[in-house]
Amino acid sequence: MVLPNDECERIEALRRCHILDTAPEDVFDELALLAAQICRTPIALITLVDAKREWFKSKFGLTVDEIPRESSFCAYTIQRPGLFAIRDALGDGRFSNNPLVVAEPKIRSYAGVPLITSEGFAVGTLCVMSTVPKLLSKCQIRALEILGRQVSRWIALRCRAARMEAAVVGRDVSSTILKPEVGHASQANYTETINGKPGTVYATENLFASSRAFLLRRLALGLLRDEFSVHFQPKIELASRQVTGFEALVRWVHPELGLILPGEFIPVAEEEPSHIESLTLCVLKQTLQRACAYGWVERGLHVAVNLSARSLQDGRLPGLIMAILETWNFPAHLLVLEITESAFMSDFSRARATLNRLRAIGVMLSVDDYGTGYSSLAYLKELPLQELKIDRAFVTNIQRRERDLAIVRATVELAHQLGMTVVAEGVEDMATLETLDGIGCDGAQGYAIARPMGTEELAVWLETHCPA
Ligand code: C2E
Ligand code: CA
Ligand code: CA
């Protein structure tokens, strides 16, 4: 058997994927099925090439779990970057001991692409096989390559979830993988001792389903360890093009996974009221501290903090916010709270009570992502709101779509009649910015002006674009 030059490291990389001998998973089975259908073959496999065997993670059209590596097709596929194809295996000495060739189903043709890890090791293949001599068309080869990349991505993602689990429970990744005999059907967690203490272990096949639970626990730890920081994105007044303030956008700087954007963890944090409350207060404290330290307050620049929809149902919120404002001696009118329409809808009267109390403190209230919910401006007028942020979905295409422009224009007019200012979010080019200015929109935020930045970078940006 000819081995790849980096065989030892390759096997190590395969072990780090923690996928060998795990139960079938729908996502892999579906990708294999797709490969078989596109390539019009009765068999498609996702294989992992181990030291002595070729093990099948997914096997469409086959019943065996593994074959010896020595005579396998895939042992060749992992030795090259692209496709490895055999039109007819009959009489090819390399495969004369391959049990799939010599016995049922009597494979004649093969085409496979390597599965590459993020470190660049070919750990297995996505391959199709047929019982008649055949070569794939160019389109089929292209599709097989694309599907192969998808399988590789899923293996990486799976590995990342396992690492995250390990980070949560503080033990070696390998121990997060269940013994295969626990089986595919196991949906329940079971307990075992970790370093002598009882701990919960999740079935590998449940990693994705349960990764939210891991994330939730890891979030709590992250809050304790101060792993959350805030980036700021400038907002400008369109008429003067002057910076009026910044939106605070939270970032999770995970010690192992690196920067995680809020889209990944806010929905999870929202599942646990105490987590989202802690996160909101953490962002608020950091934001006010920066605003004071960097002289934004003296310059009359406001800061906007996002409130979770759930927060409005929490009657303690206004009191907590007032206490933080007092701690920093921060002028309430320079704090904007951005709240999405959905926050008003679940329990309108409770949300209104909280908003009234917040407004009484003197903070500004802004409707975030306006237009994505189903609420009307007339309905929102019953709430003490000062600002409307038109969602990016309506702003992005106003240059190309008449209807989008009409919606934005009508919203601006109505909001003005109701005494609110309007900010357009997601402004990505200067032409859009000019158009918004032309229809009377008050403010803008988006990549055309600046991307979200850390405080140091923002200080430099501010110095260049808006010297004191
Ligand atoms: P959002 O409040 O609508 O924030 C604006 C998002 O759009 C930000 O994404 C920002 O980076 C991005 N963005 C800004 N300008 C542009 C642009 O021109 N083009 C495009 N394509 N995108 C632009 P980010 O930072 O990933 O935040 C995503 C969402 O996470 C926010 O949407 C907000 O709903 C939520 N979020 C962020 N920070 C917090 C927080 O501290 N608390 C809560 N509850 N939610 C937060
Ligand atoms: Ca926002
Ligand atoms: Ca928004």
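1. By class, the shell around ligand 1 in this predicted model is made up of nine nonpolar, seven polar and six charged residues. Of the 22 residues that surround ligand 1, those that come nearest are Leu 249, Val 250, Pro 262, Gly 446 and Tyr 447.

2. Several elements of secondary structure contribute to that shell: strand E10 (243-254), helix H7 (262-269), helix H8 and strand E14 (364-370) each supply at least two of its residues. The largest share comes from H7, which gives three residues to the shell around ligand 1.

3. For orientation, the secondary structure of the protein amounts to 16 helices and 17 strands, and of its 468 residues 38% count as buried. Among the contacts between residues at least 6 apart in sequence, 62% join residues that are at least 24 apart.

4. The largest nonpolar core holds 63 residues, and within it Val 303, Val 305, Leu 335 and Ala 444 have the most contacts. Helix H8, which covers residues 273-293, gives the most to this core, with six residues. Apart from this core lies another, of 44 residues, which includes Cys 17, Ile 78, Ala 111 and Val 128.

5. Leu 335 deserves a look of its own, and a reader may ask which residues Leu 335 touches, not counting those up to four places away in sequence. With that restriction, the partners of Leu 335 are His 302, Val 303, Val 305, Leu 325, Phe 330, Val 363 and Met 364; two of these partners, Val 303 and Val 305, are also listed with Leu 335 among the residues with the most contacts inside the largest nonpolar core.

6. Six strands form an open sheet, whose order is E3-E2-E1-E6-E5-E4 and whose pairing is antiparallel. At its edges stand strand E3 (66-68) and strand E4 (84-86), each of which pairs on one side only, and from one strand to the next the twist averages 25°.

7. Within that sheet, strand E1 (residues 43-49) and strand E2 (residues 53-60) run antiparallel and are joined by six bridges. Ile 46 stands opposite Ser 58 in E2.

8. Helices pack against the sheet as well. Helix H1 (residues 7-17) touches E1 and strand E6 (122-130), and the direction of H1 makes about 80° with that of E6. Helix H2 (residues 26-39) lies across E1, E2, strand E5 (109-116) and E6, and runs at about 130° to E1.

9. Some details of the backbone should be checked against what is usual, since most residues other than glycine have a negative phi, and most peptide bonds are trans. The bond that joins Glu 104 and Pro 105 is a cis peptide bond, with omega about 5°, and Pro 105 is placed in the loop between helix H4 (99-102) and E5.

10. Arg 241, which is not a glycine, has a positive phi of about 60°, and its place is in the loop between strand E9 (228-237) and E10. Is Arg 241 buried or partly exposed? Arg 241 is partly exposed, because 13 other C-beta atoms lie within 10 Å, whereas a buried residue would need 20 or more.

11. A positive phi is also found at Asp 369, a residue other than glycine, where the value is near 55°. Asp 369 belongs to strand E14, which is one of the elements that supply at least two residues of the shell around ligand 1. Asp 369 too is partly exposed, because its count of other C-beta atoms within 10 Å is 18.

Note on methods
Residues are numbered from 1 along each chain as its sequence is written. Chains are lettered from A and ligands numbered from 1 in the order in which they are written. This is a predicted model: local features need pLDDT of at least 70, side-chain atom pairs count only at pLDDT 80 or more; totals for chains, interfaces and linings use all residues. A nonpolar core is a set of buried Ala, Val, Leu, Ile, Met, Phe, Trp, Tyr and Cys residues joined through C-beta atoms within 7 Å. A residue is buried if 20 or more other C-beta atoms lie within 10 Å of its own, exposed if 12 or fewer, and partly exposed in between; C-beta atoms are placed from the backbone. Helices (H or I, at least four residues) and strands (E, at least two) are DSSP runs, numbered from the N terminus. Two residues are in contact if their C-beta atoms, placed from the backbone, lie within 7 Å. A residue is near a molecule or strand if its C-beta atom, placed from the backbone, lies within 6 Å of it. Ala, Val, Leu, Ile, Met, Phe, Trp, Tyr, Cys and Pro count as nonpolar, Asp, Glu, Lys and Arg as charged, and the others, Gly among them, as polar. Two strands pair if DSSP finds at least two bridges between them. Axes are lines fitted to C-alpha atoms, for helices over the stretch in contact, and angles run from 0 to 180 degrees between N-to-C directions.
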